[in-house]
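Me: I would like to go through this model and ask, for each label put on it, what the label rests on.

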Amino acid sequence: EFHNLLEPEKMLRGGNQMGKTQGGAAEMTMHSLALYPDWHTGRKFLVPPKIERPYDFIGWYGCTTSGKTRDGAQVKLLGDVRQEGGLGTGLIPLDNIVGKPTMARGISDFVDTINLTRETGGKAVLRGKTFEMGRTAWQVEPVDLIHGDEDPGDFEIYSECQARLTTTGGMIIWSMTPMLGVTPVRRHFKNKTPGTAEVLMTIWDAAVSKR
């Protein structure tokens, strides 16, 4: 249900360890590679926006800290880059990964940038970020898809994510366990702001997916 939503901003909400980050990373994988399963009836990123840039698709993903981004979305997407042969054991096949990832300075085993080839023949790039970097790290570049994992607390970073979609007509996906209560981002979806949608994943959904 979450993957097939057509709204430009969508939330996957649920409890801890249910697979929210996995779901967000799966969506990033589909769109960045232009590789969609037969059941996918949601939005597809097959034609790049008509703007000047070196990539057909640009995706950002990030969580609260570098450690949580690395151990969460990064591992889901790329595999454990700390292990020999770990790159390519995540959701993104090794065949689609171009060269070695660019690592962030001063952050252990944190991938800053990874280049990919798409099934359409074009080029894609994914960039890892964190909320602790502040809003300036979420500025400048026009982005097709942004996956935010967990609650940034305030609305500053989320508003920067919205701005990144201005020229691309892209999409924001957010995965969250609302541990901080009704924060601005939680309220944005709770109030059913136009252009938003959310799916609540319960333990029963997690259980069914494992059977």
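Me: Which residues of the largest nonpolar core touch the most other members?

Reply: In this predicted model, the largest nonpolar core has 28 residues, and those touching the most other members are Tyr61, Leu77, Leu78, Ile92, Leu116 and Leu126. Helix H1 gives the largest share of this core, four residues, while H2 and the strands S2 (57-63), S4 (111-117), S5 (123-130), S7 (171-176) and S8 are also among the elements that give two or more residues.

Me: What makes Ile92 a contact partner of residues away from it in sequence?

Reply: Contact requires heavy atoms within 4.5 Å, and, with neighbours within four places in sequence left aside, Ile92 is in contact with Thr29, Leu33, Leu77, Leu78, Ile97, Leu116 and Leu126. Of these partners, Leu77, Leu78, Leu116 and Leu126 are also named among the core residues that touch the most other members.

Me: What is the second core, and which residues does it include?

Reply: It is a separate core of 18 residues, including Met11, Trp138, Cys161 and Phe189. Membership of a nonpolar core asks for buried residues, joined through side-chain atoms within 4.5 Å, and buried residues make up 50% of the 211 residues in the protein.

Me: Why is the protein called as compact as a globular protein of its length?

Reply: The radius of gyration is 16 Å, and the globule rule gives 17 Å for 211 residues; the two values are close, so the protein is as compact as a globular protein of that length. The protein has five helices and eight strands, and 65% of the contacts between residues at least 6 apart in sequence join residues at least 24 apart.

Me: What sets the largest pocket apart from the largest cavity, and which volume goes with the pocket?

Reply: A pocket is an open set of points, whereas a cavity is one from which the probe cannot get out. The largest pocket has a volume of about 840 Å³, and of its 30 lining residues the closest to its centre are Gln17, Met18, Gly19, Lys20 and Thr21. Helix H1 (20-33), helix H2 (66-78), strand S8 (196-201) and helix H5 (203-210) each supply at least two residues of that lining, which divides into nine nonpolar, 11 polar and 10 charged.

Me: How many cavities of 30 Å³ or more does the structure hold?

Reply: The structure holds one, and the space in the largest cavity is about 30 Å³. Its lining consists of Phe45, Val47, Pro48, Pro49, Asp56, Phe57, Arg118 and Asp144, which by class gives five nonpolar, no polar and three charged residues.

Methods
Residues are numbered from 1 along each chain as its sequence is written. This is a predicted model: local features need pLDDT of at least 70, side-chain atom pairs count only at pLDDT 80 or more; totals for chains, interfaces and linings use all residues. Side-chain values use heavy atoms; hydrogens and water are left out. On a 1 Å grid over the protein atoms alone, a cavity is a set of points where a 1.4 Å probe fits but cannot get out, and a pocket is an open set with protein on both sides within 12 Å along at least five of seven lines; lining residues have an atom within 4 Å of a point. Grid points are joined across faces, edges and corners, and a volume is the space filled by probe spheres set on the points. Ala, Val, Leu, Ile, Met, Phe, Trp, Tyr, Cys and Pro count as nonpolar, Asp, Glu, Lys and Arg as charged, and the others, Gly among them, as polar. Buried means under 20% relative accessible area, exposed over 50%, partly exposed in between (1.4 Å probe, protein chains only). The radius of gyration is taken over C-alpha atoms; the globule rule is 2.2 Å times the number of residues to the power 0.38.
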